[in-house]
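Student: Could we go through the side-chain contacts of this model together, with the reasoning spelled out at each step?

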Amino acid sequence: MSSVLNTFVHHIEAQQLNVLSVRVLQHGETREQWNRTEDTRRLQHSISKSFTCMAIGLALDEGILTLESRLGEYFTWPTPAPDLTAFSPSDLTLYDLLRMSSGHDVPVLWAEERATLKEKDWTKYYMSLPLDRVPGETFTYSSADTFMISAMFQAASGQTVKDYLIPRLFEPLGVFNVEWETSPLGITLGCAGLQLTTEELGRFGQLLLQKGNWKGTQLIPAEWIDLATTRQIATPGEGDWGQGYGYQFWLCSHNAYRADGAYGQLCVVLPELDAVVAINSDELNMQAILDLIWSEILPHLEANL
(Lines give C-alpha, C1' and ligand atoms only; values in the text may rest on other atoms or scores of the structure.)
Protein backbone atom coordinates (compact mmCIF):
# COMPACT_ATOMS: atom_id res chain seq x y z
CA MET A 1 0.00 0.00 0.00
CA SER A 2 1.38 3.39 -0.97
CA SER A 3 1.58 6.49 1.19
CA VAL A 4 -1.77 7.70 -0.23
CA LEU A 5 -3.66 5.43 2.15
CA ASN A 6 -1.05 4.56 4.79
CA THR A 7 -1.98 7.20 7.33
CA PHE A 8 -5.70 7.03 6.46
CA VAL A 9 -5.80 3.31 7.28
CA HIS A 10 -3.68 3.88 10.38
CA HIS A 11 -6.15 6.44 11.70
CA ILE A 12 -9.31 4.47 10.93
CA GLU A 13 -7.79 1.56 12.83
CA ALA A 14 -6.76 3.79 15.72
CA GLN A 15 -10.24 5.35 15.90
CA GLN A 16 -11.91 1.96 15.41
CA LEU A 17 -13.84 3.20 12.39
CA ASN A 18 -15.25 0.20 10.54
CA VAL A 19 -14.25 1.21 7.01
CA LEU A 20 -14.39 -1.84 4.75
CA SER A 21 -13.08 -0.76 1.36
CA VAL A 22 -11.51 2.33 -0.25
CA ARG A 23 -10.69 3.42 -3.80
CA VAL A 24 -8.78 6.62 -4.58
CA LEU A 25 -8.86 7.75 -8.21
CA GLN A 26 -7.04 10.70 -9.73
CA HIS A 27 -6.53 11.80 -13.33
CA GLY A 28 -8.69 8.89 -14.48
CA GLU A 29 -6.58 6.20 -12.82
CA THR A 30 -6.89 4.24 -9.58
CA ARG A 31 -4.08 5.63 -7.41
CA GLU A 32 -4.67 3.34 -4.45
CA GLN A 33 -7.08 0.77 -3.08
CA TRP A 34 -7.53 -0.98 0.23
CA ASN A 35 -9.94 -3.69 1.37
CA ARG A 36 -10.41 -4.94 4.90
CA THR A 37 -11.47 -8.33 3.50
CA GLU A 38 -12.73 -8.24 -0.08
CA ASP A 39 -14.62 -5.78 -2.23
CA THR A 40 -18.07 -7.35 -2.41
CA ARG A 41 -21.35 -5.69 -3.31
CA ARG A 42 -22.81 -3.91 -0.34
CA LEU A 43 -26.01 -2.02 0.30
CA GLN A 44 -25.43 1.60 -0.69
CA HIS A 45 -28.32 3.06 1.29
CA SER A 46 -28.80 6.71 0.27
CA ILE A 47 -26.13 6.71 -2.42
CA SER A 48 -29.04 5.19 -4.33
CA LYS A 49 -30.61 8.65 -4.35
CA SER A 50 -27.82 10.02 -6.53
CA PHE A 51 -28.39 7.25 -9.09
CA THR A 52 -32.10 8.09 -9.16
CA CYS A 53 -31.01 11.66 -9.87
CA MET A 54 -29.22 10.43 -13.00
CA ALA A 55 -32.47 8.92 -14.31
CA ILE A 56 -34.17 12.26 -13.77
CA GLY A 57 -31.47 14.12 -15.68
CA LEU A 58 -32.04 11.84 -18.65
CA ALA A 59 -35.82 12.07 -18.32
CA LEU A 60 -35.67 15.86 -18.41
CA ASP A 61 -33.42 15.71 -21.46
CA GLU A 62 -35.86 13.38 -23.21
CA GLY A 63 -38.90 15.46 -22.29
CA ILE A 64 -40.45 12.77 -20.09
CA LEU A 65 -40.62 15.17 -17.13
CA THR A 66 -39.89 18.80 -16.32
CA LEU A 67 -38.73 20.34 -13.06
CA GLU A 68 -42.24 21.81 -12.80
CA SER A 69 -43.96 18.40 -13.07
CA ARG A 70 -46.27 17.98 -10.06
CA LEU A 71 -47.20 14.91 -8.08
CA GLY A 72 -50.86 15.76 -8.66
CA GLU A 73 -50.40 15.06 -12.38
CA TYR A 74 -49.73 11.40 -11.57
CA PHE A 75 -51.15 10.65 -8.11
CA THR A 76 -54.41 11.52 -6.38
CA TRP A 77 -54.67 13.66 -3.26
CA PRO A 78 -57.45 12.14 -1.08
CA THR A 79 -60.84 13.87 -1.29
CA PRO A 80 -61.92 15.37 1.00
CA ALA A 81 -58.49 16.35 2.27
CA PRO A 82 -57.78 15.51 5.92
CA ASP A 83 -57.31 19.21 6.59
CA LEU A 84 -58.62 21.63 4.00
CA THR A 85 -56.20 24.29 5.23
CA ALA A 86 -53.17 22.02 4.76
CA PHE A 87 -50.74 22.24 1.91
CA SER A 88 -51.39 19.44 -0.53
CA PRO A 89 -48.72 16.99 -1.68
CA SER A 90 -50.33 17.19 -5.11
CA ASP A 91 -48.75 20.63 -5.53
CA LEU A 92 -45.22 19.37 -4.93
CA THR A 93 -42.99 19.74 -7.96
CA LEU A 94 -40.10 17.56 -9.04
CA TYR A 95 -37.91 20.54 -8.16
CA ASP A 96 -39.22 20.51 -4.56
CA LEU A 97 -38.57 16.79 -4.22
CA LEU A 98 -35.07 16.91 -5.69
CA ARG A 99 -34.06 19.58 -3.18
CA MET A 100 -35.67 17.78 -0.20
CA SER A 101 -37.97 20.75 0.39
CA SER A 102 -41.37 19.05 0.38
CA GLY A 103 -42.63 20.67 3.59
CA HIS A 104 -42.76 17.73 6.01
CA ASP A 105 -41.58 18.40 9.56
CA VAL A 106 -41.20 14.67 10.18
CA PRO A 107 -40.23 12.72 7.04
CA VAL A 108 -41.97 9.41 6.37
CA LEU A 109 -41.05 6.08 4.78
CA TRP A 110 -37.85 5.60 6.74
CA ALA A 111 -36.47 2.06 6.59
CA GLU A 112 -38.15 1.03 9.84
CA GLU A 113 -41.52 2.35 8.72
CA ARG A 114 -41.20 0.79 5.27
CA ALA A 115 -40.62 -2.58 6.90
CA THR A 116 -43.85 -2.43 8.95
CA LEU A 117 -46.22 -0.28 6.87
CA LYS A 118 -49.52 -2.05 6.25
CA GLU A 119 -50.40 0.13 3.26
CA LYS A 120 -48.71 -1.47 0.26
CA ASP A 121 -49.25 1.52 -2.03
CA TRP A 122 -46.60 3.85 -0.69
CA THR A 123 -47.52 6.62 -3.13
CA LYS A 124 -51.08 6.58 -1.75
CA TYR A 125 -49.68 6.73 1.78
CA TYR A 126 -47.41 9.68 0.94
CA MET A 127 -50.21 11.56 -0.79
CA SER A 128 -52.52 11.05 2.21
CA LEU A 129 -50.26 13.03 4.54
CA PRO A 130 -50.74 16.82 4.54
CA LEU A 131 -47.63 18.97 4.48
CA ASP A 132 -46.65 20.90 7.59
CA ARG A 133 -45.47 24.07 5.86
CA VAL A 134 -45.10 25.79 2.53
CA PRO A 135 -43.10 23.52 0.21
CA GLY A 136 -39.96 24.68 -1.54
CA GLU A 137 -38.54 26.81 1.26
CA THR A 138 -36.82 24.65 3.87
CA PHE A 139 -34.64 21.54 3.66
CA THR A 140 -35.72 18.42 5.52
CA TYR A 141 -33.91 15.22 4.57
CA SER A 142 -36.53 12.77 3.35
CA SER A 143 -36.13 9.37 1.75
CA ALA A 144 -39.84 9.52 0.99
CA ASP A 145 -39.25 12.48 -1.33
CA THR A 146 -36.82 10.40 -3.37
CA PHE A 147 -39.17 7.44 -3.45
CA MET A 148 -41.81 9.75 -4.89
CA ILE A 149 -39.31 10.95 -7.50
CA SER A 150 -38.88 7.32 -8.54
CA ALA A 151 -42.64 6.79 -8.53
CA MET A 152 -43.23 9.92 -10.61
CA PHE A 153 -40.59 8.80 -13.09
CA GLN A 154 -42.21 5.37 -13.41
CA ALA A 155 -45.68 6.87 -13.86
CA ALA A 156 -44.40 9.23 -16.55
CA SER A 157 -42.14 6.83 -18.45
CA GLY A 158 -43.73 3.43 -17.94
CA GLN A 159 -40.38 2.03 -16.78
CA THR A 160 -38.78 1.57 -13.40
CA VAL A 161 -35.75 3.69 -12.63
CA LYS A 162 -33.67 0.52 -12.45
CA ASP A 163 -34.77 -0.84 -15.84
CA TYR A 164 -34.37 2.57 -17.46
CA LEU A 165 -30.82 3.00 -16.15
CA ILE A 166 -29.55 -0.49 -17.00
CA PRO A 167 -28.78 0.22 -20.70
CA ARG A 168 -28.17 3.96 -20.22
CA LEU A 169 -25.90 3.99 -17.18
CA PHE A 170 -25.18 0.68 -15.47
CA GLU A 171 -24.11 -1.42 -18.46
CA PRO A 172 -21.86 1.28 -19.97
CA LEU A 173 -20.15 1.53 -16.56
CA GLY A 174 -19.68 -2.24 -16.48
CA VAL A 175 -22.23 -2.78 -13.71
CA PHE A 176 -24.23 -5.91 -14.51
CA ASN A 177 -26.90 -7.96 -12.73
CA VAL A 178 -28.09 -4.85 -10.91
CA GLU A 179 -29.80 -5.41 -7.58
CA TRP A 180 -32.07 -2.61 -6.36
CA GLU A 181 -34.94 -3.03 -3.93
CA THR A 182 -38.51 -2.15 -4.86
CA SER A 183 -41.70 -1.15 -3.08
CA PRO A 184 -44.41 -3.80 -2.60
CA LEU A 185 -45.97 -2.61 -5.88
CA GLY A 186 -42.74 -2.82 -7.87
CA ILE A 187 -41.48 0.77 -7.84
CA THR A 188 -37.69 1.05 -7.64
CA LEU A 189 -37.03 2.22 -4.10
CA GLY A 190 -34.96 5.10 -5.42
CA CYS A 191 -33.95 6.39 -2.00
CA ALA A 192 -32.05 3.27 -0.97
CA GLY A 193 -31.63 -0.41 -1.78
CA LEU A 194 -28.97 -0.35 -4.53
CA GLN A 195 -26.00 -2.70 -4.12
CA LEU A 196 -22.52 -1.92 -5.50
CA THR A 197 -18.89 -2.76 -4.93
CA THR A 198 -16.48 0.04 -4.07
CA GLU A 199 -14.90 -0.47 -7.48
CA GLU A 200 -18.28 0.14 -9.15
CA LEU A 201 -18.93 3.13 -6.90
CA GLY A 202 -15.58 4.59 -7.95
CA ARG A 203 -16.59 4.31 -11.61
CA PHE A 204 -19.76 6.27 -10.83
CA GLY A 205 -17.65 8.95 -9.17
CA GLN A 206 -15.38 9.08 -12.21
CA LEU A 207 -18.42 9.51 -14.46
CA LEU A 208 -19.53 12.45 -12.33
CA LEU A 209 -16.04 13.93 -12.42
CA GLN A 210 -16.10 13.66 -16.23
CA LYS A 211 -19.45 15.51 -16.34
CA GLY A 212 -21.37 12.44 -17.49
CA ASN A 213 -18.96 11.39 -20.23
CA TRP A 214 -17.71 7.80 -20.27
CA LYS A 215 -15.21 6.54 -22.84
CA GLY A 216 -16.23 9.23 -25.29
CA THR A 217 -19.99 8.78 -24.87
CA GLN A 218 -22.13 11.34 -23.04
CA LEU A 219 -24.21 9.11 -20.75
CA ILE A 220 -25.69 11.94 -18.67
CA PRO A 221 -26.05 15.57 -19.79
CA ALA A 222 -23.14 17.61 -18.45
CA GLU A 223 -25.51 20.46 -17.57
CA TRP A 224 -27.46 18.13 -15.31
CA ILE A 225 -24.34 16.99 -13.46
CA ASP A 226 -23.49 20.65 -12.87
CA LEU A 227 -26.98 21.47 -11.55
CA ALA A 228 -27.26 18.37 -9.39
CA THR A 229 -23.92 18.99 -7.70
CA THR A 230 -24.37 22.74 -7.16
CA ARG A 231 -25.89 24.07 -3.94
CA GLN A 232 -29.63 24.33 -4.48
CA ILE A 233 -30.75 24.76 -0.86
CA ALA A 234 -29.19 25.48 2.53
CA THR A 235 -28.86 22.67 5.08
CA PRO A 236 -28.97 23.09 8.87
CA GLY A 237 -26.31 20.53 9.84
CA GLU A 238 -22.74 20.92 11.04
CA GLY A 239 -19.49 19.98 9.33
CA ASP A 240 -19.95 18.42 5.93
CA TRP A 241 -23.71 18.23 6.48
CA GLY A 242 -23.97 22.01 6.70
CA GLN A 243 -22.49 22.83 3.28
CA GLY A 244 -25.78 22.68 1.38
CA TYR A 245 -27.63 20.24 -0.84
CA GLY A 246 -27.99 19.96 -4.60
CA TYR A 247 -30.29 17.53 -6.34
CA GLN A 248 -29.79 14.31 -4.35
CA PHE A 249 -26.16 15.21 -3.67
CA TRP A 250 -24.50 16.79 -0.63
CA LEU A 251 -22.02 19.62 -0.94
CA CYS A 252 -18.75 19.21 1.00
CA SER A 253 -15.98 21.34 2.32
CA HIS A 254 -12.89 21.70 0.09
CA ASN A 255 -15.13 22.52 -2.90
CA ALA A 256 -16.11 18.86 -3.18
CA TYR A 257 -19.47 17.12 -3.34
CA ARG A 258 -20.62 13.65 -2.46
CA ALA A 259 -23.20 10.94 -2.68
CA ASP A 260 -23.48 9.28 0.69
CA GLY A 261 -25.36 6.51 2.43
CA ALA A 262 -25.96 5.54 6.04
CA TYR A 263 -23.15 3.66 7.77
CA GLY A 264 -20.41 5.23 5.71
CA GLN A 265 -21.01 4.68 2.03
CA LEU A 266 -19.25 7.64 0.42
CA CYS A 267 -18.55 8.77 -3.12
CA VAL A 268 -16.61 12.02 -2.78
CA VAL A 269 -15.84 13.95 -5.95
CA LEU A 270 -13.13 16.64 -5.88
CA PRO A 271 -13.26 18.45 -9.24
CA GLU A 272 -10.40 20.86 -8.48
CA LEU A 273 -8.11 17.89 -7.79
CA ASP A 274 -9.47 15.71 -10.62
CA ALA A 275 -10.09 13.02 -8.01
CA VAL A 276 -12.65 10.63 -6.52
CA VAL A 277 -12.65 8.84 -3.17
CA ALA A 278 -15.07 5.91 -2.94
CA ILE A 279 -15.63 4.18 0.39
CA ASN A 280 -17.83 1.42 1.77
CA SER A 281 -18.15 1.10 5.53
CA ASP A 282 -20.33 -0.18 8.33
CA GLU A 283 -19.84 2.82 10.56
CA LEU A 284 -22.18 5.41 12.09
CA ASN A 285 -19.53 8.13 12.51
CA MET A 286 -19.44 9.28 8.90
CA GLN A 287 -18.06 12.73 9.71
CA ALA A 288 -14.97 11.11 11.22
CA ILE A 289 -14.37 9.26 7.95
CA LEU A 290 -14.80 12.47 5.96
CA ASP A 291 -12.45 14.31 8.32
CA LEU A 292 -9.79 11.67 7.63
CA ILE A 293 -10.29 12.04 3.89
CA TRP A 294 -9.55 15.76 4.28
CA SER A 295 -6.59 15.33 6.63
CA GLU A 296 -4.93 12.16 5.31
CA ILE A 297 -5.87 11.72 1.63
CA LEU A 298 -6.41 15.27 0.40
CA PRO A 299 -2.75 16.37 0.80
CA HIS A 300 -1.60 13.49 -1.42
CA LEU A 301 -4.12 14.49 -4.09
CA GLU A 302 -3.00 18.12 -3.92
CA ALA A 303 0.62 17.08 -4.27
CA ASN A 304 -0.18 15.12 -7.43
CA LEU A 305 -1.87 17.88 -9.41
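The exchange below takes up aromatic pairs and then salt bridges in this predicted model.

Student: How are the rings of Phe-153 and Tyr-164 arranged: stacked, tilted or edge-to-face?

Tutor: A pair of aromatic rings is described by the distance of the centres and the angle of the planes. For Phe-153 and Tyr-164 the centres are 4.7 Å apart and the planes stand at 65 degrees. Planes over 60 degrees apart count as edge-to-face, so the arrangement of Phe-153 and Tyr-164 is edge-to-face.

Student: Which helices does the pair of Phe-153 and Tyr-164 tie together?

Tutor: The two residues are eleven residues apart in sequence. Phe-153 lies within residues 143-157 and Tyr-164 within residues 161-170, so the pair ties together helix α6 and helix α7.

Student: Is Glu-199, which forms a salt bridge with Arg-23, buried or partly exposed?

Tutor: In this salt bridge the closest N and O atoms are 2.8 Å apart, and the partner Arg-23 is buried, with a relative accessible area of 5%. Buried requires a relative accessible area under 20%, and exposed one over 50%. Glu-199 has 30% relative accessibility, so Glu-199 counts as partly exposed.

Student: How many residues apart in sequence are Arg-41 and Glu-200?

Tutor: The side chains of Arg-41 and Glu-200 meet in a salt bridge, at 2.8 Å from N to O. Arg-41 lies in the loop between β2 and β3, whereas Glu-200 belongs to helix α8, so the salt bridge ties together parts whose separation in sequence is 159 residues.

Technical notes
Residues numbered from 1 in each chain as written. Predicted model: local features only at pLDDT ≥ 70, side-chain atom pairs only at ≥ 80, totals over all residues. Heavy atoms only, no water. Phe/Tyr/Trp six-rings, centres within 6.5 Å; stacked < 30°, edge-to-face > 60°. Helix = DSSP H or I, 4+ residues; strand = E, 2+ residues; numbered from the N terminus. Salt bridge = Lys/Arg side-chain N within 4 Å of Asp/Glu carboxyl O. Buried < 20%, exposed > 50% of the residue type's maximum accessible area, 1.4 Å probe, protein only.
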